[in-house]
Amino acid sequence: MEDMELESLYGGIYKNRTCLVTGHTGFKGSWLVYWLQKMGAKVIGYSLEPLTEPNHYSLLDINYTSVIGDITDNEKLTDTFNKYQPEIVFHLAAQALVRYSYHNPVETFTTNVLGTVNILEASKKTNSVKAIVNITSDKCYDNKEWIWGYRESDAMGGYDPYSASKGCAELVTSSYQKSFFNENEKLLASARAGNVIGGGDWSEDRLIPDIVKSTENKVKVEIRNPLATRPWQHVLEPLSGYLMLGWKLLLGEKQYAEGWNFGPKLESNLEVKTVVDETQKHWDKIDYLTNKDKSNHHEANLLMLDCSKANKILKWNPIWDFNTTIEKTILWYRSYLEKGKIKTEDDLISYIKRAKDKKAVWT
Ligand SMILES: NC(=O)c1ccc[n+]([C@@H]2O[C@H](COP(=O)([O-])OP(=O)(O)OC[C@H]3O[C@@H](n4cnc5c(N)ncnc54)[C@H](O)[C@@H]3O)[C@@H](O)[C@H]2O)c1
């Protein structure tokens, strides 16, 4: 795909645009930075050092400004905003793991709530910032374990510290929208995505990384909660939504400065066991056993998102179906492990081509 074709995505809004991405050393942030860079954006990343080894950030061969810093370090954060004068901020930095949050609640709340306040304060004080997309989670909702998907108008909540911190981050966002931003020339939106998979994630206690690490080590992966249902989607899906929101906000369209769900079609809300079975079709070495979690930590069983608002109003729709999502994910890891080659570029181009075939508005 020609550079020009990539630069013209999202109406060409990202070309030469200074974009600050927090969490760029993490799973989703590293993919976002890669995509923004391909569209000709001037990217500034702000995060802690990568949290795992290997990690997607270090495997990507791209050149951009990477600042290693803590979002709870206000001075460094403010200096970074002042120095680079971003026009848009994608805030993805977070303590993003549910089980870890049970052992480290203070760190989780500090990073996810106070860190978000710091990002919004720095954005408020920096004149160049016109748009902010705050990435929270589907877990921000008060989970009633019911069969319906949560809507953007549903109550915030959260049982475990991670989920509650994301509910809090949404309340902080809402307060800043009302009190400071949306009546001025800065626009702030929040994005709530489901369980994201794709190549390049090695985090602890996440299904796909657990499967990959166990298979690489020739052991059976332990599945804790085979019947838990989640909205599975490829990492490029929510990113295409975040970029759409950024596009609308940069155009000054105030009606988009609110909360948005980005999840898969209903048929991709599937049990953990179904996901594992599907991965085996693409890697016959994958084997598993079911081992009930002995920690007694509560984990939601049923969690679905209603994405009608993004589908109808933003005209955002998922591009890949469940089978393609699993196939791309597993083949990414196999290519890395068996040939030492990452398929990030191949996956991005293939995703964009499919989006063009489907006439996605952002293409
Ligand atoms: N992966 C998913 O399934 C999923 C689902 C819904 C929402 N999310 C949200 O998307 C965002 C990105 O998730 P991810 O999967 O890429 O997580 P990740 O753990 O791979 O990456 C987290 C990033 O945040 C950075 N970070 C953590 N604490 C920090 C701090 N105090 N200061 C600066 N940087 C810090 C890390 O260095 C890393 O770059 C998070 O907000 C997460 O809650 C993820």
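Visitor: Leaving aside its neighbours within four places in sequence, which residues is Thr229 in contact with?
Guide: Welcome! This is a predicted model, and Thr229 is a nice place to begin. Thr229 belongs to strand 9, residues 229-234. Once the neighbours within four places in sequence are set aside, the contacts of Thr229 are Asn269, Leu270, Glu271, Asn301, Leu302 and Leu303.

Visitor: Does Thr229 count as buried, exposed or partly exposed, and why?
Guide: Let's count its surroundings. Thr229 has 18 C-beta neighbours inside 10 Å. A buried residue needs 20 or more, and an exposed one has 12 or fewer. Thr229 therefore counts as partly exposed.

Visitor: What distance separates the C-alpha atoms of Thr229 and Thr274?
Guide: Try finding both residues in the structure above. Along the chain, Thr229 and Thr274 are 45 residues apart. In space, the separation of their C-alpha atoms is 9.5 Å.

Visitor: Which strands stand at the edges of the open sheet with the order 7-9-11?
Guide: Three strands make up this open sheet, and their pairing is mixed. An edge strand here has a single partner strand, so one of its sides is left without a neighbour in the sheet. The two at the edges are strand 7 (195-197) and strand 11 (269-271).

Visitor: In the pairing of strand 7 and strand 9, which residue of strand 9 does Val196 stand opposite?
Guide: Here is a general idea first: strands of a sheet pair through backbone hydrogen bonds, either parallel or antiparallel. Strand 7 and strand 9 pair in the parallel sense, over three bridges. Opposite Val196, in strand 9, stands Gln233.

Visitor: How many residues of strand 5 are buried?
Guide: Let's look at each side of strand 5 in turn. In a regular strand the side chains alternate between the two faces of the sheet. On one side of strand 5 are Ala131, Val133 and Ile135, on the other Ile132 and Asn134, and all are buried. Strand 5 is therefore largely enclosed by the rest of the structure, the buried count being five of the five.

Visitor: Which residues stand opposite Asn134, in strand 4 and in strand 6?
Guide: Strand 5 has pairings to follow here. With strand 4 (residues 88-91), strand 5 pairs in the parallel sense over four bridges. Strand 6 (residues 187-193) also runs parallel to strand 5, and five bridges join them. Opposite Asn134 you will find His91 and, in strand 6, Ser190.

Visitor: Are helix 2 and helix 9 parallel, perpendicular or oblique to each other?
Guide: Two packed helices are described by the angle between their axes and the distance between the axes. Helix 2 (residues 27-38) and helix 9 (residues 236-250) have axes 10 Å apart, at an angle of about 60°. The two helices are therefore oblique.

Visitor: How many nonpolar residues are in the contact of helix 2 with helix 9?
Guide: Helix 2 brings Lys28, Trp31, Leu32 and Trp35 to the contact, while helix 9 brings Leu236, Leu239 and Tyr242. Sorted by class, one of the residues is charged and none is polar. The nonpolar count is six.

Visitor: Is the crossing of helix 10 and helix 12 left-handed or right-handed?
Guide: Helix 10 (residues 272-280) packs against helix 12 (residues 322-339) at about 60°, with the axes 9 Å apart. Helix 10 is therefore oblique to helix 12. Val275, Glu278 and Thr279 of helix 10 meet Asn323, Ile326 and Ile330 of helix 12. As for the handedness of this crossing, it is right-handed.

Key
Residues are numbered from 1 along each chain as its sequence is written. This is a predicted model: local features need pLDDT of at least 70, side-chain atom pairs count only at pLDDT 80 or more; totals for chains, interfaces and linings use all residues. Axes are lines fitted to C-alpha atoms, for helices over the stretch in contact, and angles run from 0 to 180 degrees between N-to-C directions. Angles under 35 degrees count as roughly parallel, over 145 as roughly antiparallel, 65 to 115 as roughly perpendicular and the rest as oblique. Two residues are in contact if their C-beta atoms, placed from the backbone, lie within 7 Å. Ala, Val, Leu, Ile, Met, Phe, Trp, Tyr, Cys and Pro count as nonpolar, Asp, Glu, Lys and Arg as charged, and the others, Gly among them, as polar. Two strands pair if DSSP finds at least two bridges between them. A crossing is left-handed if the near helix is turned anticlockwise from the far one by less than a right angle, and right-handed if clockwise.
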